[in-house]
Amino acid sequence: MAAHYQIVGTTALEISASIEAGVRTDAFPAGAPLPAVRALAEQLGVSPATVAKAYQALRQRGVVETAGRNGTRVRHRPPVAALRSALRPAAPAGGLDLSGGSPDERLLPPVGPHLAAIAGAAAPVGYDHDGVLPELAALARQRLAADGVPADAITLTAGALDGIERLLAAALRSGDKVAVEDPGWANLLDLVAALGLEPVPVPVDDEGPRVEGLLAALAAGARALVVTSRAHNPTGAAVTAARAGALRSALAAHPELLLIEDDHAAELSSVPLHCLAGATASWAFLRSASKPYGPDLRLAVLAGDDATVARVAGRMRVGTGWVSTLLQRLVLALWRDPATGAAVAAARESYDRRRAALRAALAARGVPSHGRTGINVWVPVRDETQAVTALRDARYAVAPGALYRLGSAPGIRITVSPLADEQVEPLAEAVAAAVRGAAPGAFSA
């Protein structure tokens, strides 16, 4: 806790509001510990029960989390806008930031020419617009059908996470349980907390969610399941045909479960899609434009059963209304452009080459890693703090696995998109030294 900031209040509401103000002003940055319940109660002159109630309210809103023996701390991405530009620490001076999880901006297809064409040709729409351009829906169905995804009902959301939020909010209520991958997407874990839902971890291996973990989550009462089809963040896992069949069998006895699949990598993934669509009566499949075409393209196609899609589309109609038709026309133009398709294919090959090169270099040094698809490599470690610190000393920034884990083993996530070919071997040497606990040498620019 920052020495200059003092929590105040005599009621649970006042105490929780004071802590939230500390989060907004960055007095409590992401990961910051809060005082122990009894210590804060004594400081404020209130009962421990009052402080515990304040902490409980903050947990239910996803602002803080319980960290076991480490007490209570601010979540990585609390649902409170803070006075700071980023939650991740800055990369070491003169170093290489491999912690971001973003695509290589140099490989994103240009959108300027398409924007210019759309600006001159797009007709205005009124408030009665029904949401999805027919030509975009038709091409989306065609592209999904090529991957074996049924798409009779389709709508659009402002990205994959927006779609997941709308699906969970439409089907679940505060306190309901959601089966999530462990390790899994940090943003999803924070979203689940912000919605007041309870995450139930499902262990992941290179072939996707493990069946025994799913069965345990179902037995624990999970009412929804979120699965990453390919390019799993952070491990690079991809659901195989055999695993998909086994997961379908496990889900067959739970038709009431809401199944959500996130195929965020889409065209960037070099392995075939093995989807679970239709394994339950309520299902949705999301495919975002952000990874292949640029993070600023906040559009995702949401396909699913009629009732599930209708709930999302209906809720949007009484709120935001629809995803901008200008953005829809831009994505449609990108899909139709052969040069854009070639650029995405080149990016896919580049990520595959860099990811494979790093994993091979690590393996040559006796360091196991994971990363079948996508832009990340997951490296198991004994001590995340030690490994991250050692790499920072060598001027590399990597993401600590704690951001993505519920109960799984420690690790670090390395994003390969900023990595040049000549930097692979020095990085592997630094990672190997960090994993062994030795002091690694600095990388060569």
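At 45% relative accessibility, E212 counts as partly exposed, because that term covers values between buried (under 20% relative accessible area) and exposed (over 50%), with a 1.4 Å probe and protein chains only. R210, at 35%, is partly exposed as well. The side chains of E212 and R210 meet in a salt bridge at 2.6 Å, N to O, where a salt bridge is a side-chain nitrogen of Lys or Arg within 4 Å of a carboxyl oxygen of Asp or Glu.

A word on the ground rules: this is a predicted model, with local features needing pLDDT of at least 70 and side-chain atom pairs counting only at pLDDT 80 or more, while totals for chains, interfaces and linings use all residues. Residues are numbered from 1 along each chain as its sequence is written, and side-chain values use heavy atoms, leaving out hydrogens and water.

Searching the whole structure gives 21 salt bridges. One of them joins D190 and R75 at 2.8 Å, N to O. D190 lies in helix 7 and R75 in the loop between strand 2 and strand 3 (helices are DSSP runs of H or I, at least four residues; strands are runs of E, at least two; both are numbered from the N terminus), so this pair ties together parts 115 residues apart in sequence. Both D190 and R75 are buried, and they belong to a network of salt bridges that also links E65 and R73.

Another bridge brings D104 and R354 together at 3.4 Å, N to O. These two sit 250 residues apart, D104 in the loop between strand 3 and helix 4, R354 in helix 13, and both are buried.
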